[in-house]
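Hello,

Here is the structure I said I would pass on. Please open it first, then read my notes below.

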Amino acid sequence: MNDFQTQIREGIPTHLPELKPYDPLVNHAPRRRDILTHEEKKLALRNALRYFPVRLHGVLAPEFAAELRDYGRIYMYRYRPSYEMKARPIGEYPHKSVQAAAIMLMITNNLDPAVAQHPHELITYGGNGAVFQNWAQYRLTMKYLSEMTDEQTLVMYSGHPLGIFPSHNEAPRAVVTNGMVIPNYSSQDNWEKFNALGVSQYGQMTAGSYMYIGPQGIVHGTTITLLNAGRRLKPSDEMTRRTRLFISSGLGGMSGAQPRAGNIAGVVSVIAEVNPKAVSKRHSQRWVDEVFDDLGKLTHRVRKACGSGEVISLAYHGNIVDLWEYFADEGIWADLGSDQTSLHNPWAGGYYPAGITFDEANKVMAEDPERFRGLVQASLRRQVAAINRHTEHGTYFFDYGNAFLLESSRAGADVSDGKGGFRYPSYVEDIMGPLCFDYGFGPFRWVCCSGDPVDLATTDALATRTLEQLMKDSPGEIQQQMSDNIHWIREAARNNLVVGSQARILYADARGRTAIAEAFNDAIVSGKISGPVVIGRDHHDVSGTDSPFRETANIYDGSRFTADMAVQNVIGDSFRGATWVSLHNGGGVGWGEAINGGFGMVLDGTPAAGRRIRAMLFWDVNNGIARRSWARNSGAISTITREMERTPGLVVTMPVQADDNLIDSVIG
């Protein structure tokens, strides 16, 4: 047994591991707010020590107290494993259950330094999207997974492994919840407090559900968004601009996908980022082509690129507010604009205000939270004012689901449409909702557990052939989406999108997802694929998320603030064949602003896996289409009607349209 396997099986060591020095070269989470009272700090320490034998408390208590004081959280850095954190071939994980081994693979991928935003703090993306709250939880979870069988289920409470419980082989191997607090205790301050106490965490979407595949996932979503957003623009004047200009911000976690997506979509993208480590990481990974810290030089480069028809991604190491304002002053108007700062987390490192440096902001954030809040809100007002100047010259600006418009409105920025809504759409309202979600298209993804790039190439070919065949008899409304995704998967290998595990993503409907998964399962049987394949999706999907300012933003019957769909989806997935399921508070737009869930399913070439594919994927997509149909969304009505015609046993309650003149006359 090698050292990696020994440490996995060991769990939390009975001895005291060597204290690990704080590595300044790693991108660390910012210091969190000092939000606990004196008595609550005692409680946080008491909570942390319960993972360890009493004989170690004398050493660990002052150490953990220092972490709480210096970082605002107890991460238990001493217990960070010494082995390299990355996704390994599934056979290298000690296990009794292949399904459990697949979950271990996905967890280690989420914490890979090449993938994770703040790996030593167990944060995968979004500034606070956590896999675990501390390293003791990681170690104990991996030990449980290495020991459990297919007759047991691991229960996870916000990163804490509650235990392994007897179940059966058709039950999920893991059931995960993150941040599920009583609704009245779901404010930003509540998250800070509960997380500092060590009793809850913000799992984002695919961080706490072990389904993150690096920036590739958001590259695809952003590419599809940019392609469809570009189709909304008027034809450009090729005498002055031969390539469209896209302006946005963020190169850290998921936002780091924007420059690569811009290249694939064929635009000039300019992305601002204040964190030098994030800029350096994306440039070294070749996800951004060139870096500038001088706005004058950047302006010259943008004019040259747009004028010559060049496709290129440019990073501005500086504040997005300065970028929007400078370009407006210079008369360089964006064609497309958005924002991917982590405004679901505005007071704890998700947004850095203009006017002070990155290091100064980190200091003020921790030492003077009220001043920091004021700086952020003033910065948002400036940013919106500059964006408004651009949109007056034809820029199509869209909220990318990061709570930009929501937090800007709370800051008093000029984003109101005068009717109780926002002057700019969410990308779901204009693009993803009516063009994708209403027709069942969403982010289907898979990971080749062998770790072999040859297997990934095989799955790419299988997915391409499957979609090409399905497109032949697909209705006209979805032909463009089919075409975009066939082009995407054909070019996926050439675009060099893999970071971490051998993973891929595309958008497909229920029919497409099922056919692709069945093709994979058959290929495992025949030996064309050498090992199991994990399938899953982003929570940002047709049925996976109830989020009134993002995933359900194009639902207009008043139900977008309800969360029945996401909760029902997880429940339904759990007894239809999912290997693991997860349900989260927050995700994308912030704690208290959404309920979302997801799943993972291991394909192993067995008939049982084929049965699970057909049962679970059908529900996982059509639940959301049925809900969107009831909301009177025309695309969803046609989609679910077509599904009922071809699927025996499916009966969906359909809406009856009321006459608006009658409603007006009755209400008066």
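The notes below cover cavities, aromatic rings, charges over rings and one sheet.

One point before you start: this is a predicted model.

**Cavities**

I searched the whole structure. Eight cavities of 30 Å³ or more turned up. Two of them are described here.

The largest has a volume of about 230 Å³. Its lining is made of 25 residues, and Ile-74, Gln-133, Asn-134, Asn-195 and Gly-198 are the closest to its centre. Two helices, α2 (38-49) and α6 (188-197), each give at least two residues to the lining of this largest cavity. Helix α6 has the largest share there, with four residues. By type, the lining of the largest cavity holds 13 nonpolar, eight polar and four charged residues.

The second largest cavity has a volume of about 150 Å³. Here 18 residues form the lining, and those closest to the centre are Ile-478, Asp-509, Arg-511, Arg-642 and Arg-646. Three elements supply two or more residues each to this second lining: α18 (510-526), α20 (607-630) and α21 (634-646). The most come from α21, which gives four residues. The lining of the second largest cavity divides into eight nonpolar, five polar and five charged residues.

**Aromatic rings**

The whole structure has 25 aromatic pairs. Look at Trp-446, since two of the pairs described here include it.

How are the rings of Phe-444 and Trp-446 set against each other? Their centres are 5.8 Å apart and their planes stand at 50°, so this pair is tilted. Both residues, Phe-444 and Trp-446, are buried.

Trp-446 also pairs with Phe-520. The ring centres of Trp-446 and Phe-520 are 5.0 Å apart and the planes are at 65°, so this pair is edge-to-face. Which parts of the chain does the pair link? Trp-446 is in strand β12 (residues 442-448) and Phe-520 is in helix α18, so to speak distant parts of the chain, 74 residues apart. Phe-520 is buried, as is Trp-446. Helix α18 has come up already: it is one of the elements that line the second largest cavity.

There is also a cluster of tyrosines. Ring pairs join Tyr-22, Tyr-71, Tyr-75 and Tyr-77 in it.

**Charges over rings**

Two arginines are worth finding on screen. Arg-88 lies over the face of Phe-4, at 3.9 Å from the ring centre. Arg-373 lies over the face of Trp-347, and here the distance to the ring centre is 4.3 Å.

**A sheet**

Last, a sheet. Strands of a sheet pair through backbone hydrogen bonds, either parallel or antiparallel. Which sense does the open sheet of six strands use? Its pairing is parallel, and the strand order is β8-β9-β7-β6-β10-β11. At the edges are β8 (290-292) and β11 (396-397), each of which pairs on one side only.

Within this sheet, take β7 and β9. Strand β7 (residues 268-273) and strand β9 (residues 312-317) pair in the parallel sense over six bridges. To see one of these, find Ala-272: its bridge partner in β9 is Tyr-316.

To find your way in, begin at Trp-446, which is buried. Then go to Ile-74, one of the residues closest to the centre of the largest cavity. Finish at the edge strands β8 and β11.

Best wishes

How values were computed: Residues are numbered from 1 along each chain as its sequence is written. This is a predicted model: local features need pLDDT of at least 70, side-chain atom pairs count only at pLDDT 80 or more; totals for chains, interfaces and linings use all residues. Side-chain values use heavy atoms; hydrogens and water are left out. On a 1 Å grid over the protein atoms alone, a cavity is a set of points where a 1.4 Å probe fits but cannot get out, and a pocket is an open set with protein on both sides within 12 Å along at least five of seven lines; lining residues have an atom within 4 Å of a point. Grid points are joined across faces, edges and corners, and a volume is the space filled by probe spheres set on the points. Ala, Val, Leu, Ile, Met, Phe, Trp, Tyr, Cys and Pro count as nonpolar, Asp, Glu, Lys and Arg as charged, and the others, Gly among them, as polar. Rings of Phe, Tyr and Trp (its six-membered ring) pair if their centres lie within 6.5 Å; planes under 30 degrees apart count as stacked, over 60 as edge-to-face and the rest as tilted. Buried means under 20% relative accessible area, exposed over 50%, partly exposed in between (1.4 Å probe, protein chains only). A charge sits over a ring if NZ of Lys or CZ of Arg is within 6 Å of the ring centre and within 35 degrees of the ring normal. Two strands pair if DSSP finds at least two bridges between them.
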